[in-house]
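Please walk through the model shown here, taking its helices, its sheet and the surroundings of its ligand in turn.

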Amino acid sequence: MAGGPEWGFLLPPSIPHNEPMNSTAKGSLWHDIVTQGVQRVVDGISDQEAMEMNEQYGTHNYKPLPVNVVRGEGARVWDGDGKEYIDCIGAYSAVAHGHLSPRVVDAMVNQLKEVAVTSRAFYSPEVGLFLKGLCEYAGLDRACPMNTGAEAIETCIKLARKWGYTVKGVPKDQAEIIVCENNFHGRTTTIVGFSTEEDYKQFFGPYTPGFKVVPFGDIGALKAAITPNTIGFLAEPIQAEGGILIPPDGYLTQVREVCNANNMLLIWDEIQTGFCRTGYRFAWQYESGAEPDLMAVGKPLGGGLLPVSAALGKNHVMEVFKPGDHGSTFGGNPLGSVVALAALAEMEEEDYAGRSKRLGDLAVDYLNNMGLPHVKEVRGRGLLIGVEVNDNVDSKALSAALVSRGILTKETRKRTFRLTPPIMISEELLMDALGRVKDAIASV
Ligand SMILES: Cc1ncc(COP(=O)(O)O)c(C=O)c1O
């Protein structure tokens, strides 16, 4: 698809951006799209043009790698020049099934012959089956379907607060939720307000009150922060965006015990760690007796095709919601439900948990034995792996070295390169990727 002569629709710089173009004018963007169809126009866009359009018309809230992905299949993607890459980021763990998993695509295409979006103003067999299937998969009682991870977290916060006031009896507007340093739960104003990463929160205040921050993995600090108004503890079982930080053994169970002892809810954010990413259906299952009252899930639940998320929990919390308390136009629609069910079916049939554990162990073993002085630490559970490089390694140069070797990944918190490929990646392709990672690190 390199270079398309017919497309001539980029606004010339002389046209003010705030004036809408005549949609029918020949040579305009909309003329081309209407007459040629979207796909044909897309096919005519070169890599360079795509990057320029993204930069010119998008806000700069991301800093993408200079790779223009035009096609994906399984664990590989291609740019417009046909260069192949191994996807080692998997859309921040959302693409566990690989790109365009045939089973999930088939389910989606079939559903598109029936009905796609109804809203929850009505009942739907697909949504009903999705809720039942998800609850059975997770061993929890009820689910509130949403779309993005941040919405699932917001839903958990609302459920916990209403539980706090109506069940625990906390005085009005005094409810407190304890969260962890280095947390990442999404990007809404409430959520960034309790982030400890200055870049995520600066200029977005005033922040929502009612959150207390304690160090992750420190059970003593959690105990010390509890007051009679504490309604819950919200944390990721492994902090992914925080740099793939794994808590000390025993922490997950101890957290549950502390919540029991203080009549507070345990809320696990499994949006990134859930659905087999760490070698278990959910990362809290690494320890026994760490089951949540509430859990947020998302990302791979959409099978790599759609945003599908949910807040799940036990009846004693979930039943506090009454009609009107919460909602989302797209949350819980037939199309997303069918996609999620097909995604869950594939995870089960292909034993994603076992696969993630086996491949993750292989990868961590390989990375630990590379013998490169550049590496400070390799942390991982299943296929959620972080390679932290030493301070003297130029991480920008390493990023470029990885891209030039056909490896797509990004660093999190500056020095930790994440390896979170699709869980369906073959062992052979994974080992190929690891060889290239080693080569890239050795080159900087
Ligand atoms: C642990 C965790 N929670 C919440 C989110 C937010 O999810 P979303 O980007 O879908 O809103 C993310 C996204 O990376 C995440 O990793």
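In this predicted model, helix H13 covers residues 334–349, and at 1.5 Å a residue its 16 residues should span 22 Å, a value that agrees with the 22 Å between its end C-alpha atoms. A residue counts as buried here if 20 or more other C-beta atoms lie within 10 Å of its own, and because 13 of the 16 residues of H13 are buried, this helix is largely enclosed by the rest of the structure. After H13 comes Asp351, whose phi is positive, near 45°.

The sheet can be followed from one edge to the other. Its 7 strands form an open arrangement in the order E4-E10-E9-E8-E7-E5-E6, with mixed pairing. Strand E4 (142–146) and strand E6 (211–214) stand at the edges, and because each has a single partner strand, one side of each is left without a neighbour in the sheet. Between neighbouring strands of this sheet the turn is 20° on average, with direction ignored. Strands of a sheet pair through backbone hydrogen bonds, in either a parallel or an antiparallel sense.

Strand E10 deserves a closer look. With E4 it runs antiparallel, the two being joined by 5 bridges, and Pro145 stands opposite Ala310 in E10. Strand E9 (residues 294–297) also pairs with E10 (residues 309–313) in the antiparallel sense, over 4 bridges, and here Met295 stands opposite Leu312 in E10. How many of the 5 residues of E10 are buried? The count is 5 of the 5, so E10 is largely enclosed by the rest of the structure. Both of its faces are covered, since Ser309, Ala311 and Gly313 on one side and Ala310 and Leu312 on the other are all buried.

Helices also lie against this sheet. Helix H6 (residues 125–138) lies across E4, E9 and E10, and runs at about 120° to E4. Helix H11 (residues 251–261) packs on the sheet as well, touching strand E7 (230–235) and strand E8 (265–269), and its direction makes about 145° with that of E8.

The remaining topic is the ligand. It is surrounded by 15 residues, of which the closest are Thr148, Gly149, Ala150, Gly186 and Gln272. Which helix gives the most to the shell around the ligand? Helix H7 (residues 149–168) does, with 3 residues. Sorted by class, the shell holds 6 nonpolar, 6 polar and 3 charged residues, where Gly is counted among the polar ones.

Definitions and conventions: Residues numbered from 1 in each chain as written. Predicted model: local features only at pLDDT ≥ 70, side-chain atom pairs only at ≥ 80, totals over all residues. Expected span 1.5 Å × (residues − 1). Buried ≥ 20, exposed ≤ 12 C-beta atoms within 10 Å, placed from the backbone. Pairing = 2+ DSSP bridges. Axes fitted to C-alpha atoms, helices over the stretch in contact; angles between N-to-C directions. Contact = placed C-beta atoms within 7 Å. Near = placed C-beta within 6 Å.
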